[in-house]
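This report looks at aromatic rings and their contacts. The structure comes first, then the notes.

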Amino acid sequence: MARLPEIQPRGAVIRGLQSSVSPAEVANPFRQIAQGLESWSDTLAAKNVADAQDQGANAVYRDADGNLRVDTRSNISASGRAYNAAAQQGYMARVAGDIRTRLTTISNDAKGNIDNYDAAYKSFRDQTLTAVPKEFRGAVTTMFDSEAPRFRLGVSEQKRTADIKEFEGNIKSQIQLLDDDASTLARSGGVGTEAYKEKQAQIKTLYQSLADNPDFAVGQQEADIALKRMESRHMADAMLGQVDAALNSPSGLAKARDLANAITTDTSISLTPAERRQYAGLANERINGFVAQTKANLKPVQDQSTAIQKRLKEGVGLDNDDIDTTARTLAAGGDLSGAMELYNARAVAKTLQGFRASDNPQQVAMAETAIGNANRPAPTRDRPVSFNPDANSRMQDAVAHLKARGMTDVQAAGIVGNLMQESSLNPFARNKGDGTDGSDSIGIGQWNGDRARALKAFAQSQGTSPDDLSTQLDFIVHELQTTEGGAYQRLQAATNVDEATAAMISFERPQGWSADNPRGGHGWNNRLAAASRAAELAGVDPKLIAAAAGSSVDPEVIKEYRQEITSDAKDLFAGMKAGFDKGLTPAVSDINLLSRQLALVDDQDFRKQVSDYFTSQSAVQAIGGAAPAQLESLISSLQADAADGATLAQQQILTGLQDAQKAQQQALKDDPIGYAARKGMVSAPPALDLSNPDSWAGTFSSLQNAVDVLASRGIVSNISALRPEMQGQVARALENSTPEDSVKLLGSMAQNMSPETFNATLSGLYSSGQARAAAAAGALVAANPEVAEGVLRGQQLLKENPLLAPKKTDTNTQAIDDLLPPRVFAIEGVRQTLLDTATARYADLSNQIGDTSGELNDTRMEQAIKEVTGGVLEMNGAYIVAPRYSMSQDDFDQQLAALSDADLNGAVTASGQRVTARDLRNEGRLRAIADGRYLLEFGSADAPAYVMRQPSQGNYNAPSPFVLDLRGR
């Protein structure tokens with residue numbers, strides 16, 4: 001408040017008239033009053049603004065729906081503007097708090113899912129902006145745009161953190177599982193076994209992956225420490241296993257105590273004091289238990305052993321710890337035979353338990369192994385093995401090839417014996433869908449999946465076919481020396497045929513096989529029989545053939561095996577017979593299984609029942625529905641099974657299969673598509689109605705489908721799609737129809753058949769004589785239907801007027817040879833077919849201009865040759881037919897320049913010198929033998945030398961010319 005001036009008493013005013021004070025000075029106090037009032041007004045205005053700011057700050061509230069609301073005032077006055085500014089600040093502060101709170105909730109609810117966050121954020125943003133006063137929306141929008149990305153980044157980081165945590169947890173769980181397995185292996189076999197080392201290597205790899213990932217919480221030092229402690233625990237586990245082993249050995253108590261003390265004192269074992277006490281306690285528990293049992297009266301233990309064995313025969317208590325305790329007590333008390341009897345009772349019980357839990361093929365494999373071991377000949381006797389001459393020859397060639405690759409006679413025999421069981425050494429053997437990934441098993445080793453793909457890559461690297469026997473044998477050696485090193489080590493350690501066969505079965509790993517029981521693999525006896533025969537043919541010492549690692553077989557086990565297998569065989573035959581009666585084709589695996597079962601059963605009446613039935617006509621017809629390769633494989637398998645002497649039932653089954661095979665082969669020769677329809681593989685294709693072109697596409701597509709089905713089952717390779725009656729229909733139609741109609745028919749066939757099937761169909765339609773030109777015209781339909789029509793039209797015109805083509809004079813012949821040189825082709829028949837086709841096209845062109853002179857027009861003949869062949873190009877001064885229709889010289893030159901030495905892998909001269917791509921480009925010539933395929937020619941054109949394919953080592957066939965395939969490049 002302004003300070004007012006002091007005013008003198010009234011008398012002073014009167015006296016003032018008498019003083020020297022000026023009038024202005026007299027008026028000054030009033031001016032000070034006015035100034036004071038003005039200052040007071042400013043103070044009041046400032047107070048109003050401050051009050052307005054307070055009111056504006058409190059003007060934000062929520063309505064009944066929970067939405068923020070704010071009341072504003074006019075901006076005319078300073079207090080109104082202050083009010084609105086404070087209200088806006090308060091509103092924005094509340095909105096900012098709401099946004100952060102809600103975004104926190106949204107990001108937490110998203111749980112790392114960015115899509116959930118985006119959806120919830122958009123909904124919240126849209127809802128909020130709708131309720132925001134218009135004048136505040138820009139600021140709120142900016143607030144959203146600044147806050148949302150930060151929270152969104154938090155969601156992404158949350159997911160990343162969760163993923164990393166889950167990934168790290170998974171790795172640690174894997175480590176824990178492997179740790180448990182390794183502990184078990186260490187306790188059972190120590191830390192020096194291959195199985196333990198493999199587990200430990202896996203654990204090290206996982207720990208290293210933890211340490212190498214910077215996002216994980218485990219560092220290199222922590223991983224090394226954890227791994228070291230884990231290895232130490234495994235060593236302690238191994239010592240516990242040694243304690244158990246010592247207690248089970250004569251006078252092993254002292255050794256067991258030393259081992260228990262070592263757990264406590266051995267500083268090389270990195271255990272915590274608590275872990276040392278734990279493991280030492282476990283070891284001492286074993287020792288104390290052993291001592292306590294030793295002090296007990298042996299008679300009660302023997303009685304207990306008797307009771308245990310009784311339970312074991314009933315299949316009860318197989319995993320009871322009392323068995324080991326009782327056996328150790330018996331051994332410690334001097335009753336070693338009693339202990340062995342108890343262990344044997346458990347082994348028999350476990351064997352029978354595993355046998356009963358196995359499926360039928362596994363049971364047969366186990367029985368074959370057991371009975372084979374029981375009947376194993378003495379080491380001084382030869383094994384009675386017999387194979388047909390073809391099989392003997394294949395085995396001899398394979399053994400010679402493997403010996404040339406460094407294998408011994410015994411090793412080669414073990415390999416060949418397994419391959420005979422897998423494929424009868426047939427490099428084209430194929431078992432559809434046999435792989436665990438659904439892929440086919442192929443070749444002599446029945447490779448599938450990644451191993452089949454590796455075979456094909458190996459063959460490509462060698463420049464050979466994956467179907468070549470020598471290539472497949474080389475690939476076996478390659479796998480043994482690389483990816484199958486375990487089998488190779490066992491093979492190198494084999495000292496006789498039995499051990500070599502058991503080593504190589506680890507390469508094949510068939511059903512029933514395990515590393516601990518390789519002789520339990522499917523077809524073990526067949527493998528050993530074939531290996532023994534291969535060894536005999538190679539002149540191996542009979543003692544090495546007959547020597548075996550056989551084990552004694554409990555008669556109770558064999559008796560149980562026979563009873564179970566007899567029951568299973570009767571069930572299988574009943575189901576198979578029911579299928580026969582319904583016209584169903586039995587599964588090849590079921591027939592093979594039944595044959596193997598019959599070799600093990602003692603029921604002669606049942607054997608006769610089976611053998612009589614398999615020679616019946618209904619059985620032969622049903623079996624004929626199997627794929628030829630499967631049928632051939634089954635027959636080979638049965639022949640191998642019967643190598644030591646077939647039972648009557650086996651021989652009758654084999655006879656029925658061979659009859660079915662003959663019937664199948666004849667049916668496939670006469671009408672393969674009709675065969676597929678009769679067997680229910682495909683629906684019967686519709687009849688070919690040549691009068692209704694609209695129906696052609698459906699008919700030809702149906703025929704192509706039948707070919708595809710037959711090919712997919714391995715029944716045929718590349719065949720004509722026309723059934724016999726259809727082939728006659730089409731041949732007559734092409735003979736009698738107009739060129740336009742013929743091209744339309746051929747075009748429909750080309751459009752609705754695969755190129756391979758279409759070419760095979762044309763080959764069936766046109767097999768000789770003038771029809772070769774029509775066949776070439778058919779092949780032109782897809783590439784140039786106009787020319788194809790012209791060829792067919794020209795053929796008809798030539799019948800009416802031969803002078804539409806050049807006269808057959810020496811001059812014309814020489815001129816045509818200059819245009820289409822004979823040396824372009826390696827096979828004269830190929831050239832003659834193209835020349836006949838070009839002549840027909842020439843006649844069509846002559847007819848178009850009315851030339852019936854019979855005189856050769858070089859330009860017209862050159863055009864006809866180019867249209868038919870797709871182009872004649874030049875290479876090193878010689879002409880060649882283009883690899884691709886209408887290919888230019890520049891394109892061909894580029895293709896030739898792109899050839900590498902790998903494309904000529906295996907190409908050698910007569911003297912064995914390798915031919916390189918540079919040799920071909922600089923000096924070679926190409927002689928066509930088929931579409932896009934050529935022989936390589938060098939030297940003088942009058943006395944050329946052809947490039948040959950280098951034979952594989954061990955391949956005794958005559959050398960063959962090298963064929964360069966330029967198709968599809």
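## Phe475 and its partner

Phe475 is buried in this predicted model. Its relative accessibility is 2%, under the 20% cut-off for burial.

Phe458 is buried too, with a relative accessible area of 14%. The rings of Phe458 and Phe475 have their centres 5.5 Å apart. Their planes meet at 50°, so the pair is tilted. Tilted pairs fall between the stacked and edge-to-face classes. Phe458 belongs to helix H16 (residues 449–462). Phe475 belongs to helix H17 (residues 469–480). The two residues are 17 apart, and the pair links distant parts of the chain.

## Aromatic pairs and a cluster

The structure holds seven aromatic pairs. One of them joins Tyr121 and Phe144, with ring centres 6.0 Å apart. Their planes stand at 65°, so this pair is edge-to-face. Tyr121 sits in helix H4 (residues 114–131) and Phe144 in helix H5 (residues 137–189). With these positions 23 residues apart, the contact links distant parts of the chain.

Both partners are buried: Tyr121 has 14% relative accessibility, and Phe144 has 0%. Tyr121 and Phe144 also belong to a cluster. Ring pairs connect them there with Tyr117 and Phe124.

## Charges over rings

Two basic side chains lie over aromatic faces. Arg451 lies over the face of Phe507, at 4.7 Å from the ring centre. Lys570 is placed over the face of Phe606, at 5.9 Å from the ring centre.

Methods. Residues are numbered from 1 along each chain as its sequence is written. This is a predicted model: local features need pLDDT of at least 70, side-chain atom pairs count only at pLDDT 80 or more; totals for chains, interfaces and linings use all residues. Side-chain values use heavy atoms; hydrogens and water are left out. Rings of Phe, Tyr and Trp (its six-membered ring) pair if their centres lie within 6.5 Å; planes under 30 degrees apart count as stacked, over 60 as edge-to-face and the rest as tilted. Helices (H or I, at least four residues) and strands (E, at least two) are DSSP runs, numbered from the N terminus. Buried means under 20% relative accessible area, exposed over 50%, partly exposed in between (1.4 Å probe, protein chains only). A charge sits over a ring if NZ of Lys or CZ of Arg is within 6 Å of the ring centre and within 35 degrees of the ring normal.
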